[in-house]
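I opened this entry to keep track of what I looked up, residue by residue and then for the chain. The notes follow the order in which I went through the model.

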Amino acid sequence: MASVTSLSDSVRQQLASALSATLPEAAGADPLLRRSDRADYQANGILALAKRAKANPRELAAQVVSHVTTGDLLAGVEVSGPGFLNLTVADRAITANLAARYADDTGRLGVPYAENAGTTVIDYAQPNVAKEMHVGHLRSAVIGDAVVQLLEFAGESVVRRHHIGDWGTQFGMLIQYLDEHPSELDHSAGAVSGEEAMSNLNRLYKSARALFDSDEEFKTRARRRVVDLQAGEPHTLSTWQKFVDESKIYFYSVFEKLDMEIRDPDIVGESGYNDMLVETCRLLEESGVAVRSEGALCVFFDDIKGADGNPVPLIVQKSDGGFGYAATDLSAIRDRVFNLKASTLLYVVDVRQSLHFKMVFETARRAGWLGDDVRALHLAFGTVLGADGKPFKTREGETVRLEDLLDEAVERATAVVREKAGKVGLSEQEIEENGRYVGIGAVKYADLSTSAVRDYKFDLDQMVSLNGDTAVYLQYAYARIQSILRKAGDARPVAHPELPLAPAERALGLYLDQFAETVLEVAAAYEPHKLASYLYHLASLLTTFYDQCQVLSADNAPAVVENRLFLVDVTARTLHKGMALLGIRTPERL
């Protein structure tokens, strides 16, 4: 089905025609239409046009009104203030517009695809091999996954990249220890769970570290292993791969708890660019973008200086010949631009890496790898804070394990669901399933309802509250509609454009029409918190609608019942789609 023209676009088009008929030289001018609390829409563009035409703005506005046809789309237009136009949309148009969205069998609710779609490579959810995921890994995964869903829905071709930390000197110690204690990762008894995999890696790391710190001969052997690893010695690489594979078992288990899909081909860690590092450095040095300084290959910037006032360089290759993160990130840019044909590069990474990415992007531009046709953006995010306003830690001051955090969220949410379960008649299986959906949804929504660059407080009690701006409030709004639809008996949702709308029905219908515009704006700006805000306001308007408009009342004419069932069903579909774009599930019964 073709996309549905929004009411605002239809009104804008009609106003533009009236402007052009009144003032031919104003053809193509923007009427500057916006939502208003004085009417459905207000147009402010006439003031600027009157100034340009040296005309009285109120008189010009009156002439424009004379060229506006009221009827199917507009119920009324009036001049206000110095020359504003207040416009009221016809009830028939609101219902007909929603009916067109409701009839969209593609599940898009009439939302068009974005214009000028391209290819975006998004780098997010980047855990480290042989290390536990902690609360610091939460935001990149949750924000990145939501941006992926939004971009794909808008029609963008999206390539996911999980730039895991799978390379470095620490692997020499681990590989050497495993080589000398091969039974530490023995899976001959069968497959292991994510929890078992992490337990194995933790135990192995602690044992290897203890030996490395106490045994000089082992330390020497471990350092030789680093050389072997970097040289690509087959046996060493094979042992290294065991660590990567064991870590992936763990990663997948955590991402599964987060209700996120992570695909193996999308995991391209630091090691994936090893073959490009030497050439990246050669190209930078030959072009003069990077220079040797005290043996290291560096890129300098006039506007980036340290506390001492001296330039702070981007070190691409260290004086000992080793490669830094910059070399890997620059090689990744080359791969993503020239091999993956990206038109946009997104990096969902902690705000503390802002300077690093600023220097990497500028270096890539100087080298000609980022041209005018490719954008590179750092989608920076803030820190997860505890109730004390400091970075979230355990009572012992340790970093919070991500699995523990998610498990506690599900436990709290399950208790909330169980408390209400008797009224709905949920089975134990449904209670546990909904507990997962509510708990994980609560964690995701708390993150996504905050502007990414801001810090936010992690407060589970608030997150699973039925009141306020929470995921569970939205999930209950959806489930309540499903309950109404089940209780409707033989009555079915049917649009009746001929019926007048009550104020609460109008407010709900006009706001539902804004979904398409909101989603495309959110996707273009990479700002999922604005979609969360839209959904919360939609649920609030639904609550007002319930207070003022009985849906299944015996006093209602059958057509009114059908139309109100239609209104709440469109609302449910919009909530469901919006929450799905944020990576959050909406249970049918709650």
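**Entry 1: Ala-413**

I started with Ala-413, which sits in helix H13 (residues 402-424). The model is a predicted one, so I treat every value below as computed from it.

Is Ala-413 buried or exposed? Its relative accessible area is 0%, so Ala-413 is buried. I then listed what Ala-413 touches, leaving out residues up to four places away in sequence: Gly-435, Val-438, Gly-439 and Val-464. I also took a distance to Lys-358, which is 55 residues from Ala-413 in sequence. From C-alpha to C-alpha, Ala-413 and Lys-358 are 41 Å apart in space.

**Entry 2: helix H11**

Next I went to H11, which runs over residues 325-339 and has 15 residues. From its first C-alpha to its last, H11 reaches 20 Å, close to the 21 Å expected at 1.5 Å a residue.

How many residues of H11 are buried? I found 12 of the 15, so H11 is largely enclosed by the rest of the structure. The buried residues begin with Ala-326, Ala-327, Thr-328 and Asp-329. They go on through Leu-330, Ser-331, Ala-332 and Ile-333, and the list is completed by Arg-334, Asp-335, Arg-336 and Val-337. I note that the buried set includes charged side chains, among them Asp-329, Arg-334, Asp-335 and Arg-336.

I then asked which elements the buried residues of H11 pack against. The strands are S5 (119-123), S6 (157-161), S9 (314-317) and S10 (344-350). The helices are H10 (277-286) and H12 (354-366). Just after H11, I found Lys-341 with a positive phi of about 60 degrees.

**Entry 3: aromatic pairs**

I counted 12 aromatic pairs. I looked first at Trp-167 and Trp-240, whose ring centres are 5.3 Å apart. Their planes stand at 80 degrees, over the 60 that marks the class, so the pair is edge-to-face. Trp-167 lies in the loop between S6 and helix H6 (170-180), and Trp-240 lies in helix H9 (residues 234-257), so the pair ties together parts 73 residues apart in sequence. I checked burial for both, and Trp-167 and Trp-240 are each buried.

My second pair was Tyr-347 with Phe-357, which is tilted, at 5.0 Å centre to centre and 45 degrees between the planes. Tyr-347 is in strand S10 and Phe-357 in helix H12, 10 residues apart. S10 and H12 are both on the list of elements that the buried residues of H11 pack against.

Why does Tyr-347 count as buried? Its relative accessibility is 3%, and the cut-off is under 20%, so Tyr-347 falls in that class. Phe-357 counts as buried too, because its relative accessibility is 6%. I also noted that Tyr-347, Phe-357 and Phe-361 form one aromatic cluster.

**Entry 4: the chain**

I closed with values for the chain, which has 20 helices and 13 strands. Its C-alpha trace spans about 90 × 65 × 45 Å along the principal axes. Of its 590 residues, 51% count as buried.

For contacts between residues at least 6 apart in sequence, I noted that 73% join residues at least 24 apart. The accessible surface comes to about 27000 Å², and carbon and sulfur atoms account for 48% of that. I last compared the charges: the mean positions of the 62 positive and 83 negative ones are 3 Å apart.

Notes: Residues numbered from 1 in each chain as written. Predicted model: local features only at pLDDT ≥ 70, side-chain atom pairs only at ≥ 80, totals over all residues. Heavy atoms only, no water. Helix = DSSP H or I, 4+ residues; strand = E, 2+ residues; numbered from the N terminus. Expected span 1.5 Å × (residues − 1). Buried < 20%, exposed > 50% of the residue type's maximum accessible area, 1.4 Å probe, protein only. Contact = heavy atoms within 4.5 Å. Areas by Shrake-Rupley, 256 points an atom, 1.4 Å probe, with all protein chains shown as cover. Charge placed at Lys NZ, Arg CZ, Asp CG, Glu CD. Phe/Tyr/Trp six-rings, centres within 6.5 Å; stacked < 30°, edge-to-face > 60°.
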